[in-house]
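Could you walk me through this model in the viewer, one selection at a time? I would like to know what to pick next and what is there.

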Amino acid sequence: MNITEEYIQSIAPTTTAFGAGKKLSIPAKWLSYGKSERGLWGELKGSGKKPYRTQIDTVDFAYKCSCPSRQFPCKHGIALMLLYVGLDGKVEEKDEPEWVKEWLDKRTVKKEKVTEKEELTEEDITKKNNNKLKTEAKRFAEVQSGVEELELWLKDMVRIGFLELPNQRKKIDALSKRMIDAKANRLSNWVRSYAELNFNNEQVWREEAMRTTAKLFLLIKTFNNYNQLSPLWQQTIKTLVGWNQSTKELINDPEAESLEDHWLVVGQETTERDGITTQKSWLLGLQTNRNALILSFKTNYSNFDHSLSTGMLFEGTLKFFPSITPLRAVVSKQNFNLKELKVLPDFMDNMNEIYQLRAETLKKNPWELEQLVCLKSVQLVLQEKGNLICDTFQNYIPIEDDCPEDVLLNWYALEGSSPAHIVGLFRNGKLLPLGLFNQQKYLKL
């Protein structure tokens, strides 16, 4: 289990729970604790006669406690993880107590049942495929109806002029909801982006509105030519419009692209919309120099998948969702965590390489919004008008305006004005620093 105190704090349900857990993380407060290859557990004296029994599945990262708390993880689970971190992972390996073994065995059986394939007759398979085709055709017709309405609105906006856009907020809101009704959720996000423009800055919002319109209109025209596209392009366009791809089907698909590597989690980013919080985890394959994006979602009824954390390094296999530019993936197999970097990624010597890479990517997929890049020997330049990152050739890239101040302070504290090897997210012509490499270690900014 490769976790840090910072990571534990990020998954704590409240700051109060984290603080309470920290107070209980002292070894002397625990009656017993131990670990095995697949679990971590401990017993802690509670208010009743029986101690609280806390356990953590360190393979799939889940937790359970006998306390009555409805928070997940509870303060005892937080305390157990903090205890583990405080001891640098040097917890004695023991035979699993029966109450731990029983819980972990049940989780293993449940996982095996989920991955088991149903034995269907040929008739069942034919019936299932026919039903799937009917559902798909109905969905496609609904989306097509929404696309036609969106195309008409875009043409009207071009005809009357974009100066009217600030007065179209009610129409934009209604159209965004219409896209959801048409089961084109991604198109709804595109439409809503018009309402989120900074109308106080006339030059900026006009340029952004034109870029959005150009990409959106191109997407609509491509969707209208769906039947003339290759199967891979069809899947790419469906994803861009709003079709969700099944993670379970991907993992069980023998034809899906599968890649084994040493994967480094270089950064995570969360966004919230309509009660759903999305967490992006950016991974870098150190042997293949392949980038990957893992998505996790949090709602009122479910929490994030906490199996990944920034700085984590593991040997495993990812499966990639089909796309012209495959990036989004799922972890299909996580063999074991690695303690140190044996290989560093390929770094770009010159920032101009970023623009070359970006041009090649957009040529393949004009809707690819962001790109993970590794830069060699770059310096942080702090200034009032906007912070920059400069390479040894005096080329520079602006840092994102919304970049947290802590990120820049951490970079300056670690490297000062000295050159550093960094990983960043390039989007909209600017860079968001994620972390840097220092003496064969990756440090989150």
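Here is a short tour of this predicted model, moving along the chain from one selection to the next.

**First stop: an annotated domain.** Select residues 52–85, the range that an unreviewed UniProt entry lists as "domain: SWIM-type". Over this range the chain is 32% helix and 29% strand. Put a distance label on the two end C-alpha atoms and you should read 20 Å.

**Second stop: a hairpin.** Now select strand E6 (residues 276–285) and strand E7 (residues 291–298), an antiparallel pair joined by eight bridges. Within the pair, Trp282 has Leu293 of E7 as its bridge partner. Five residues lie between the two strands, and in this hairpin Asn289 takes a positive phi near 55°.

**Third stop: a six-stranded sheet.** Go on to the open sheet with the order E12-E11-E10-E13-E14-E15, where the pairing is antiparallel. Strand E12 (396–398) and strand E15 (441–444) are the edges; each has a single partner strand, so one side of each lacks a neighbour in the sheet. Direction ignored, neighbouring strands of this sheet are turned by 45° against each other on average.

Zoom in on the E12 edge: strand E11 (residues 388–390) pairs with E12 over three bridges, in the antiparallel sense. Here Ile389 stands opposite Ile397 of E12.

**Last stop: the helices across the sheet.** Add helix H11 (residues 352–364), which lies across E10 (371–381), E12 and E13 (420–427) and runs at about 160° to E10. Then add helix H12 (residues 405–415), lying across E10, E11, E13, E14 (430–438) and E15, at about 35° to E14.

Technical notes
Residues numbered from 1 in each chain as written. Predicted model: local features only at pLDDT ≥ 70, side-chain atom pairs only at ≥ 80, totals over all residues. Heavy atoms only, no water. UniProt positions renumbered as here; feature names shortened; annotations may be inferred. Helix = DSSP H or I, 4+ residues; strand = E, 2+ residues; numbered from the N terminus. Pairing = 2+ DSSP bridges. Axes fitted to C-alpha atoms, helices over the stretch in contact; angles between N-to-C directions. Contact = heavy atoms within 4.5 Å.
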